[in-house]
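Colleague: I am new to reading protein models, and I would love to go through one with you. Could you take my questions one at a time?

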Amino acid sequence: MNENNNNDKIFPKSFFWGASTAGHQVEGGLQDQWTLWEQAHAKELAQTAHQRQADEIPFWSNVKDAAEDPDNYISGRGVEHFKRYKEDFDIVKQLNMNAFRFSIEWSRLEPKEGKWDEAAIEHYRKYIAELRARRIEPFANLWHWTLPVWFEEMGGFKKRSNVKYFERFVQKVAEELTEDLTFIITLNEPNVFTTFGYTIGEWPPQEKNLISAVKVYFNLIHAHKRAYKILKKRKPMLQVGIAQQLANIQAKRPHNFFDQLSTKIMRYYWNWWFSNRIRNQQDFLGINYYFSDYYTGLFKRVNPKVPLSDVGWYMEPEGLYPLLLRSWAHFRKPIYITENGLADAQDEYRRWWIEESIVAMQRALSEGVDLRGYLHWSLLDNFEWKYGWWPKYGLVGVNREHHMKRTIRASAKWFAARIKQINKA
Ligand code: BGC
C-alpha cells in the first residue's frame with residue numbers, strides 16, 4: 001500500500017468506517033408491499049427484461065439468463081441476514097469497520113394495523129445489542145421504501161391522513177429501540193422512491209401520476225418532520241437525519257446557457273429541494289452517492305460511455321468531492337456518507353472506486369467540510385429492486401445457490417487494510 005500517510009491524518013480519529021444494508025434487500029422472509037408486488041410481477045419482469053434493459057446494461061449477454069428468469073425478481077429468502085446477522089457483524093468487525101447501517105422494518109413490527117409483534121421488536125433490540133457488543137455504531141434507518149401491506153392498501157404515503165400511522169410506528173421505535181442508538185435515519189432517498197414509484201411508475205405502486213408524486217413528496221416531508229419531533233422528544237441526544245440520493249450533476253458544456261440552466265434546475269430539484277424543506281429538522285446530512293450525470297440542451301443526459309458499472313451507471317467516484325463541498329456550503333451540518341458503491345460482479349472497479357472516494361473525502365476534509373463517516377453500499381450482495389438478484393454490490397459476495405455462503409471480495413480485504421492504515425496515521 002503506497003498511499004501517502006500524511007493525507008490520511010486528515011480523517012478524524014472518531015471517523016466512522018462502515019457498510020450499509022436495507023432490510024428488504026438482505027433479511028429474507030418479509031411480507032411487505034414490495035413482496036406482494038414481486039410475486040404479482042416477476043413473470044412479466046422476466047419477459048420484458050430484454051426490452052427494458054438490454055440497451056442500458058453494458059454486458060447484457062452476461063446477465064441475460066438471470067434477468068430473464070422470474071425467480072430473479074423474488075426477494076424471498078434474501079441472503080438470510082435476518083438469521084445470520086451475528087455472523088455478518090463478525091465480518092463487519094473483520095473488515096476493521098466501526099459502523100453499520102440497517103433498516104428496522106415496519107412490516108415486521110406492525111404486520112397488522114395497530115398490532116405490534118413483540119418478537120420482532122425483540123429481534124431488533126438484540127440486533128442492536130450485538131452491534132454494540134462488537135463496538136460497531138448502529139445507524140438505524142426507519143424506512144427504506146418498504147411498507148406494511150395494510151398501509152399500502154390504505155393508499156400509503158399518498159394520503160396525508162395516513163402519516164399518523166407512520167408516526168405511531170416511529171413512536172414505538174422511539175420507546176422500544178432507541179436506548180442503544182445515537183443515529184437514526186428517518187427516510188431513505190425520498191426523491192428516488194417518489195420518482196420511480198409515482199412519476200416514472202416502474203416500481204410499486206406503479207402509479208405514473210404526477211399529482212400522486214407531488215402528494216407523496218410533500219407527505220414524506222411531513223412524515224420526516226413529525227418523526228424528527230417524536231424522536232428528539234423521546235431522546236434529545238439522538239442524531240436524526242435522512243439519507244438523500246445526491247447526483248453529481250454537471251453541465252456537458254460548462255459555458256453553454258442551456259446546459260447550465262438544465263444543470264441548475266436538476267441540481268435544485270433532485271439534490272436540494274427536499275433537504276431545503278427540512279433544514280431545521282435534521283442534525284446531520286446523509287449522502288448516498290453513486291453517479292455523475294452530465295446535462296446538455298434541455299434536460300438531455302449525455303454521459304460518457306466508460307467506465308460503466310454492471311447496471312450501466314456512469315462511474316465517477318471523485319464526483320463525491322463537489323457534492324461534499326456543496327452540501328457543506330448549503331447546510332453547514334455534519335455529513336455522513338450513508339451509501340456509496342457500485343454493481344461490480346467481477347470486483348474489477350471496486351477497489352479503484354473506494355480509493356478515489358477516499359481521496360475525494362480527504363480533499364473535502366482539507367477544505368473544512370465536517371465529514372464524519374463513510375458507509376459503503378453494501379456489506380452483502382443484495383436484492384436490487386427492479387433488477388433483482390444479478391447486480392453485485394457487496395463487499396462480501398453471497399452464493400444463494402450454495403447455503404448463502406459469504407465470501408469477502410479482494411477489494412474488501414484491501415479496504416479493511418486501508419482503514420487500518422488510516423486509523424494508524
Ligand atoms: C438504494 C439502495 C440500492 C442502491 C443501488 C440506492 O439508491 O438506497 O437500496 O441498493 O441504490 O441501486
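Colleague: Let's start with Ile104: which residues is Ile104 in contact with, leaving aside its neighbours within four places in sequence?

Modeller: Keep in mind that this is a predicted model. A contact here needs heavy atoms within 4.5 Å, and the neighbours of Ile104 within four places in sequence are left out. What remains for Ile104 is a list of Leu109, Tyr124, Ala140, Asn141, Leu142, Phe169, Val173 and Leu177.

Colleague: Which residues touch the most other members of the largest nonpolar core?

Modeller: In soluble globular proteins, nonpolar side chains tend to be buried together. Here the largest nonpolar core holds 129 residues. The ones that touch the most other members are Trp17, Ile104, Phe157, Phe166, Leu324, Met361 and Phe415.

Colleague: Which helix gives the largest share of this core?

Modeller: The largest share amounts to 10 residues. They come from a helix that covers residues 210–234, and that helix is α11.

Colleague: How many residues are in the second, separate core?

Modeller: Phe16, Ala99, Phe139 and Ile185 are among the members of this second core. Its full count is nine residues.

Colleague: Back to α11, then: is Ala223 buried or exposed?

Modeller: Ala223 lies in helix α11. Apart from neighbours within four places in sequence, Ala223 is in contact with Phe157, Val163 and Phe166. Its relative accessible area is 0%, and the cut-off for burial is under 20%, so Ala223 is buried.

Colleague: How far apart in space are Ala223 and Thr186, C-alpha to C-alpha?

Modeller: Along the sequence, Ala223 and Thr186 are 37 residues apart. In space, their C-alpha to C-alpha distance is 8.7 Å.

Colleague: Which residues is Val192 in contact with, leaving aside its neighbours within four places in sequence?

Modeller: Val192 is found in helix α10. With a relative accessible area of 6%, Val192 is buried. In space, its C-alpha is 9.9 Å from that of Leu246, although the two are 54 residues apart in sequence. The contacts of Val192 are Trp145, Gly197, Trp203, Gln245 and Trp270.

Colleague: You just named Trp145; what is the value of its phi?

Modeller: Trp145 is found in the loop between β3 (137–141) and α8 (149–153). Its relative accessible area of 4% makes Trp145 buried. Trp145 is not a glycine, yet its phi is positive, at about 80°.

Colleague: Glu80 has a phi near 55°, a positive value in a residue other than glycine; is Glu80 buried or exposed?

Modeller: Glu80 sits in the loop between α4 (60–67) and α5 (81–94). Not counting residues up to four places away in sequence, Glu80 touches Val26, Glu27, Met404 and Arg406. Its relative accessibility is 10%, and burial means under 20%, so Glu80 counts as buried.

Colleague: Which residue does a cis peptide bond join to Val306?

Modeller: The bond in question has an omega of about -5°. The partner is found in the loop between β7 (300–301) and α13 (320–331). That partner of Val306 is Pro307.

Colleague: What is omega near for the cis bond from Pro204 to Pro205?

Modeller: Pro205 has its place in the loop between α10 (190–199) and α11. For the cis bond from Pro204 to Pro205, omega is near 5°.

Colleague: Let's step back to the protein chain; what is its radius of gyration?

Modeller: The chain has 15 helices and 11 strands, and its C-alpha trace spans about 55 × 50 × 50 Å along its principal axes. For 425 residues the globule rule gives 22 Å, and the chain comes close to that, so it is as compact as a globular protein of that length. Its radius of gyration is 20 Å.

Colleague: What percentage of the contacts with a separation of 6 or more comes from residues 24 or more positions apart?

Modeller: Of the 425 residues in the chain, 59% count as buried. For contacts with a separation of 6 or more, the share from residues 24 or more positions apart is 77%.

Methods: Residues are numbered from 1 along each chain as its sequence is written. This is a predicted model: local features need pLDDT of at least 70, side-chain atom pairs count only at pLDDT 80 or more; totals for chains, interfaces and linings use all residues. Side-chain values use heavy atoms; hydrogens and water are left out. A nonpolar core is a set of buried Ala, Val, Leu, Ile, Met, Phe, Trp, Tyr and Cys residues joined through side-chain atoms within 4.5 Å. Buried means under 20% relative accessible area, exposed over 50%, partly exposed in between (1.4 Å probe, protein chains only). Helices (H or I, at least four residues) and strands (E, at least two) are DSSP runs, numbered from the N terminus. The radius of gyration is taken over C-alpha atoms; the globule rule is 2.2 Å times the number of residues to the power 0.38.
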